[in-house]
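Biologist: I would be grateful for a close look at a single part of this chain, set in the context of the whole. Please take me through its surroundings step by step.

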Amino acid sequence: QQQQQQQQRRRPASPEGTASTQVNGQWIDIVHGQPILRGRTNIFGEGADYGKTLFDGGTVWRAGANVSTRLRNEMPLEIGGKRVPPGELVMLIDLEGERNWTLILTSQPYALTFDPGNTRELYGGYNYRPDHDVARAPMTVERLPYVVDQLKWFFTDVTPAGGTMRIAWAQVTAAVPFKIVP
């Protein structure tokens with residue numbers, strides 16, 4: 001029993017997760033922290049305060065927990081009408097309202113640990129600067145008839161031409177399409 005308790009204590013409160021898909025033999029991954037609701041309700045807030053609790057000191061949501069959420073793609077994509085080169089970018093979400101979310105892909109460097117003295121690199125949404133944006137895309141936001149306890153990123157409707165990236169947490173899901181660029 002003591003060993004089991006120690007093992008439970010070592011588990012991170014928001015374990016890292018990866019959503020992956022393969023298109024035309026090449027990989028697209030989303031690496032993200034997976035926060036759990038732990039009994040919390042109305043996680044996104046409402047009215048003028050919508051999303052602010054998730055910003056946790058930043059101006060945008062890290063779309064996960066802990067280290068900034070990252071998109072790793074092996075091929076060029078098109079998101080929000082913008083070309084996204086192969087490589088790794090940070091993914092953030094601007095939560096402007098209950099139905100008004102914008103996915104942000106930024107080339108701004110990120111840190112693996114939080115350092116309040118570091119004002120250059122992203123940690124979550126801290127230090128976000130729009131001048132590094134590679135793409136911004138409106139997301140389709142929907143209310144779910146059930147509660148998703150642990151935040152998840154995933155892919156749907158994937159074809160050789162593209163697909164959809166989705167995030168789900170609490171009773172909300174949001175989606176943004178992507179295209180494969182030749």
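Modeller: Helices and strands are here DSSP runs, of at least four residues (H or I) for a helix and at least two (E) for a strand, numbered from the N terminus. On that basis, Gly64 falls in the loop that links helix 2 (52–55) to strand 3 (69–73). The model is a predicted one, and this loop is the part I propose to examine.

Gly64 has a relative accessible area of 8%. Buried means under 20%, so Gly64 counts as buried. Setting aside residues up to four places away in sequence, Gly64 touches Gly33, Pro35, Thr69 and Leu151. One of these, Gly33, belongs to strand 2 (26–33), and another, Thr69, belongs to strand 3 (69–73). Leu151 is a residue of strand 8 (133–159).

Ala63 is placed in the same loop, between helix 2 and strand 3. Its relative accessible area is 0%, so Ala63 is buried as well. The backbone of Ala63 also deserves attention: phi is positive, at about 60°, although the residue is not a glycine. Most residues other than glycine have a negative phi. Arg38 provides a second case, with a positive phi near 50° in a residue other than glycine. Arg38 lies in another loop, the one between strand 2 (26–33) and helix 2.

From the loop, one can proceed to strand 8. Gly64 and Trp153 are 89 residues apart in sequence, yet their C-alpha atoms are 8.8 Å apart in space. Trp153 in turn is in contact with Arg166, a residue of strand 9 (residues 162–180).

Arg166 is buried, because its relative accessible area is 19% and the limit for that class is under 20%. The side chain of Arg166 makes a polar contact, at 2.7 Å, with the side chain of Thr156. Leaving aside neighbours within four places in sequence, the contacts of Arg166 also include Glu142, Lys152, Phe154 and Asp157. Thr173, Ala174 and Ala175 are likewise among the contacts of Arg166.

Those last three residues are also touched by Thr140, again not counting residues up to four places away in sequence. Thr140 is located in strand 8 (residues 133–159). With a relative accessibility of 48%, Thr140 counts as partly exposed, whereas Arg166 is buried. The C-alpha atoms of Thr140 and Ala168 are separated by 12 Å, with their positions 28 residues apart along the chain.

The whole chain gives the setting for these details. It holds two helices and nine strands, which follow the pattern α-β-β-α-β-β-β-β-β-β-β when read along the sequence. For 182 residues, a compact globule would have a radius of gyration near 16 Å; the chain has 17 Å and therefore agrees with that expectation. Along the principal axes, the C-alpha atoms fill a box of roughly 55 × 40 × 35 Å.

Of the 182 residues, 48% count as buried, Gly64 and Ala63 among them. Among contacts between residues at least 6 apart in sequence, 58% join residues at least 24 apart. The chain exposes about 9600 Å², of which carbon and sulfur atoms supply 48%. Finally, the chain has 19 positive and 18 negative charges, whose mean positions are 4 Å apart.

Note on methods: Residues numbered from 1 in each chain as written. Predicted model: local features only at pLDDT ≥ 70, side-chain atom pairs only at ≥ 80, totals over all residues. Heavy atoms only, no water. Buried < 20%, exposed > 50% of the residue type's maximum accessible area, 1.4 Å probe, protein only. Polar contact = N/O pair within 3.5 Å; in protein donor to acceptor, adjacent residues only side chain to side chain. Contact = heavy atoms within 4.5 Å. Rg over C-alpha atoms; globule rule 2.2 N^0.38 Å. Areas by Shrake-Rupley, 256 points an atom, 1.4 Å probe, with all protein chains shown as cover. Lys, Arg positive; Asp, Glu negative; His and termini not counted. Charge placed at Lys NZ, Arg CZ, Asp CG, Glu CD.
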